[in-house]
Amino acid sequence: MSVKELQAFNFRNLSTAKVNFHSKLNFFIGGNGSGKSSLLESLFYLGHGKSFRSTNVNSLINTSSDNFVVTVKTDSDNQLGIQRSQSGEIKIKINGVKHNKLSDLAKNVAIQVVTPESFKLFFGGPKERRKFIDLGLFHVKHSFPSDWKTFNRILKQRNACLKNKVAGDQYSYWTEEFCQLSESIAQERSAYIEGLREELLVWLKLFLPTIEDDITIQYLQGWHSKKELREVLIVNKQREYEKGYSLFGAHKFDVRFLLNNLTLEQRLSRGQQKLFLLALTFAQTKLIEQGKRVKPILLIDDVGAELDINSRSIIANINNHLDCQTMITAIDRVALEPIIPDNDNYKMFHVKHGHISAMSK
Ligand SMILES: Nc1ncnc2c1ncn2[C@@H]1O[C@H](COP(=O)(O)OP(=O)(O)OP(=O)(O)O)[C@@H](O)[C@H]1O
């Protein structure tokens, strides 16, 4: 899907904002604190039911209001909307019909985002990397959303057994279900990560052509790679009962990005790390595009941060290589100059005090 029109009401400093997007490429220019990130965040919230920069959802509500609303019209004239109030109540509508689950929205929207904070993906804890990989799998492997939902239900039951010190048949039943699904999800993830690595190599040729290192995405499946999960759980049964939750399994996976066996931090400069991140994000966006379930949307916030003119000019090629809709923000036009195409195939907007207006090119 691409978004034809977005309206945001009381989302951070966007009191009433309306944007008619270009189906391919959109630029947003505005000073610090004008509302550029808030605009991208409102779109992301619609697709994911959460923010890419804050865990406190109430902080997204404009301080003068007790709720926010975000609605979009898609290129195929579907209407999606979400309202969130201070009390935590969420209302979702798709084409005027009420829905209860955020996943009903998520099915329709595949958003990839790069912000100056996206480095957390490489250096923070495993949570960000798990989210990144599973977001791709969600849209690429069509059986994954329901497998993952079932897995989480089983994990909850198994954790309840461990917490309440339940043993016997109940423990054995949930452990067996847990092992079977963990093994099959691990295989799905492993295949997905291999495909991601192949696509990443293509994008790295563009973004980091001088790096000739051996690139590895090391997949840590959530338990010892040479052992069956059943064996690991038998050995660690006592420890799991002591902790009261599942210490191993498909929910504990992680990935490491290595260049000639060195971490990105050891091998690359900060600017090069950002280029690696862009290559990785574009690789995942390509896989989502090839998955043909939804057309991906790519959000790049503050494109000028860390990137020199040459690096930014590589981004100008996005539309030659990817069938996606792209939204890029920058603090001024100079930062965007190397990216703006020669043709007329884009729109440019100015953001000021939470108001968004179309600009002449
Ligand atoms: N809940 C809220 N209600 C009202 N205003 C808010 C709320 N949360 C944040 N703001 C304000 O919204 C403004 C826009 O923030 P945003 O992060 O979107 O700016 P930006 O244009 O991306 O800036 P920068 O270039 O500095 O990153 C800021 O001035 C911020 O203080």
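In this predicted model, Ile 111 stands opposite Ile 297 in strand S12. The two strands concerned, S8 and S12 (residues 297–300), run parallel and are joined by 4 bridges.

**The six-stranded sheet**

Strands S8 and S12 belong to an open sheet of 6 strands, ordered S8-S12-S13-S3-S14-S15, in which the pairing is mixed. At its edges stand strand S8 (111–114) and strand S15 (355–358), each of which pairs on one side only. From one strand to the next, the twist averages 20°.

Helix H1 packs on this sheet, where it touches S3, S8, S12, strand S13 (325–330), strand S14 (347–352) and S15. The direction of H1 makes about 145° with that of S8. A further helix, H10 (residues 270–291), lies across S8 and S12 and runs at about 175° to S8.

**The ligand shell and the annotated binding site**

The ligand is surrounded by 16 residues, and the closest are Asn 13, Asn 32, Gly 33, Ser 37 and Ser 38. Sorted by class, this shell holds 2 nonpolar, 11 polar and 3 charged residues. An unreviewed UniProt entry places the feature "binding site" at Gly 30, Gly 31, Asn 32, Gly 33, Ser 34, Gly 35, Lys 36 and Ser 37.

Two serines of that annotated stretch can be described further. Ser 34 is located in the loop between strand S3 (25–29) and helix H1 (36–48). Because 21 other C-beta atoms lie within 10 Å of its own, Ser 34 is buried. When residues up to four places away in sequence are not counted, Ser 34 touches Val 351, Lys 352 and His 353. Ser 37, by contrast, has its place in helix H1. This residue also counts as buried, since it has 23 C-beta neighbours inside 10 Å. The contacts of Ser 37, again not counting residues up to four places away in sequence, are Asp 301 and Thr 329.

The same unreviewed UniProt record places the feature "domain: RecF/RecN/SMC N-terminal" at residues 3–355. This span is 43% helix and 22% strand, and its end C-alpha atoms lie 19 Å apart.

**Strands S4, S5 and S6**

Strand S4 (residues 67–74) and strand S5 run antiparallel and are joined by 7 bridges. Within this pair, Gln 83 in S5 is the bridge partner of Val 69. S4 and S5 form a hairpin with 4 residues between them, and Asp 77 in the turn has a positive phi of about 60°.

On to the next strand, 5 bridges join S5 to strand S6 (residues 90–94), and this pair is antiparallel too. Here the bridge partner of Arg 84 is Ile 90 in S6. The hairpin of S5 and S6 has 4 residues between the strands, and Gly 88 takes a positive phi near 100°. The two faces of strand S5 (residues 79–85) differ: Leu 80, Ile 82 and Arg 84 make up the covered face, while Gln 79, Gly 81, Gln 83 and Ser 85 make up the uncovered one.

**The three-stranded sheet and helix H6**

An open sheet of 3 strands follows the order S9-S10-S11, with antiparallel pairing. Strand S9 (215–220) and strand S11 (262–263) are at the edges with a single partner strand each, so one side of each is left without a neighbour in the sheet. Helix H6 (residues 168–207) packs on the sheet and touches S9 and S10, its direction making about 160° with that of S9. Strand S10 (residues 254–259) and S11 run antiparallel and are joined by 2 bridges. Leu 258 stands opposite Thr 263 in S11.

**Two glutamines in helices**

Gln 170 has its place in helix H6, and Gln 238 has its place in helix H8 (residues 237–243). Gln 170 is partly exposed, because 14 other C-beta atoms lie within 10 Å. Gln 238 is exposed, because 8 other C-beta atoms lie within 10 Å. The table lists a C-alpha separation for each residue.

| Residue pair | Separation along the chain | C-alpha separation |
|---|---|---|
| Gln 170 and Arg 158 | 12 residues | 8.6 Å |
| Gln 238 and Val 57 | 181 residues | 38 Å |

Conventions:
Residues are numbered from 1 along each chain as its sequence is written. This is a predicted model: local features need pLDDT of at least 70, side-chain atom pairs count only at pLDDT 80 or more; totals for chains, interfaces and linings use all residues. A residue is near a molecule or strand if its C-beta atom, placed from the backbone, lies within 6 Å of it. Ala, Val, Leu, Ile, Met, Phe, Trp, Tyr, Cys and Pro count as nonpolar, Asp, Glu, Lys and Arg as charged, and the others, Gly among them, as polar. UniProt positions are given in the numbering used here, feature names are shortened, and annotations may be inferred rather than shown by experiment. Two strands pair if DSSP finds at least two bridges between them. Two residues are in contact if their C-beta atoms, placed from the backbone, lie within 7 Å. Axes are lines fitted to C-alpha atoms, for helices over the stretch in contact, and angles run from 0 to 180 degrees between N-to-C directions. A residue is buried if 20 or more other C-beta atoms lie within 10 Å of its own, exposed if 12 or fewer, and partly exposed in between; C-beta atoms are placed from the backbone.
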